Amino acid sequence: MLLSDALRARMSVRAFKPDPVPRETIEALLQEATRAPSGTNIQPWKVHVVAGEMRDRLVAEVLAYRDAYPEDDKSEFPRPPGQRKEPYVGRARTLGKAMYGLIGIPKGDKAANFAQWGRNYKFFDAPVGLIFTIDKDLGPMSYLDVGLYIQTLMLCATARGLGTCAQGAWNQYHTATRRVLNVPDGDYIICGVSLGYPDETAPVNTLVADREPVESFTTWHGI
Ligand SMILES: Cc1cc2nc3c(=O)[nH]c(=O)nc-3n(C[C@H](O)[C@H](O)[C@H](O)COP(=O)(O)O)c2cc1C
């Protein structure tokens, strides 16, 4: 697949078929994505791959934890509240409106919203989950590196006909995730990624998220 085709084809997949992804395929993706750049080549990404019984256990324990402690939804690493201001909040609302419209959740239905967000913790039924962690001593530059790794991996997955969804949701309810996966104290849980074969019949997978025009974020100098 051409890179330009993979870029166009990649989208956040939020409904998956149960078909398993062979371990060799996951390994190949993890390997390919190591070509992602990182500042001074420190390659700070770390990933826990969960599938099979371990995936089911993680899903069950995180969902049970969330039901018991719904308010314990903060990330363990500092996240300034900046995304609650414009223009970000408006963009997030546009996405939410389009997505919840496709799924058929009426505005203001808190219980349905809570349940739908909970699908994050089932990896949207994907057979494989990736939980990314980072050394607590590293700063924002290293989070950039992990993001580059994740996007590279998601594009490689697209090229193989696989679907993905990056999931910040996994930095919530991290207490349970840390316990189940035995994440070392020295690492933060920063993000998850669902991985599997997309369910092409699911309405939610028809969502095409808007993008802002280039002039809205570009300042030209000398050209
Ligand atoms: C760092 C990051 C965290 C995200 N977290 C979630 C999440 O927790 N749940 C979810 O459904 N989508 C999540 N997304 C997907 C975004 O909503 C999606 O990338 C955006 O709306 C653009 O849509 P597209 O990926 O289909 O192009 C996340 C994406 C990124 C990059």
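## A helix, two cores and a ligand

Threonine 158 lies in helix H6, and it makes a good starting point for a tour of this predicted model. Is threonine 158 buried or exposed? With a relative accessibility of 10%, threonine 158 counts as buried, because the cut-off for that label is under 20%. Setting aside its neighbours within four places in sequence, threonine 158 is in contact with Met1, Ala6, Ala9 and Arg10.

Helix H6 also matters for the next stop, the largest nonpolar core, which has 25 residues. Phe132, Tyr149 and Ile190 have the most contacts inside this core. Two or more residues each come from helix H2 (23–33), strand E2 (128–135), helix H6 (140–159) and strand E4 (187–196). Of these, H6 gives the largest share, 7 residues. Take a look at tyrosine 149: apart from neighbours within four places in sequence, this residue is in contact with Leu30, Ala33, Thr34, Ala36, Trp45 and Phe132. There is also a second, separate core of 21 residues, with Val50, Val62, Trp170 and Leu181 among them.

Now for the ligand. It has 15 residues around it, and Ser12, Arg14, Gly168, Ala169 and Arg211 come nearest. Strand E3 (residues 163–167) gives the most to this shell, with 3 residues. By type, the shell divides into 8 nonpolar, 4 polar and 3 charged residues. Here are some polar contacts with the ligand:

| Ligand atom | Protein partner | Distance |
|---|---|---|
| oxygen | serine 12, side-chain N or O atom | 2.6 Å |
| nitrogen | alanine 166, polar backbone atom | 3.0 Å |
| oxygen | arginine 211, side-chain N or O atom | 2.6 Å |

Taken alone, the ligand exposes 620 Å², and the protein buries 68% of that.

Conventions. Residues are numbered from 1 along each chain as its sequence is written. This is a predicted model: local features need pLDDT of at least 70, side-chain atom pairs count only at pLDDT 80 or more; totals for chains, interfaces and linings use all residues. Side-chain values use heavy atoms; hydrogens and water are left out. A nonpolar core is a set of buried Ala, Val, Leu, Ile, Met, Phe, Trp, Tyr and Cys residues joined through side-chain atoms within 4.5 Å. Buried means under 20% relative accessible area, exposed over 50%, partly exposed in between (1.4 Å probe, protein chains only). Helices (H or I, at least four residues) and strands (E, at least two) are DSSP runs, numbered from the N terminus. Contact means heavy atoms within 4.5 Å. A residue is near a molecule or strand if one of its heavy atoms lies within 4 Å of it. A polar contact is a pair of N or O atoms within 3.5 Å; within protein, one must be able to donate a hydrogen and the other to accept it, and residues adjacent in sequence count only if both atoms are side-chain atoms. Accessible areas come from the Shrake-Rupley method with a 1.4 Å probe; for residues, only the protein chains shown count as cover. Ala, Val, Leu, Ile, Met, Phe, Trp, Tyr, Cys and Pro count as nonpolar, Asp, Glu, Lys and Arg as charged, and the others, Gly among them, as polar.
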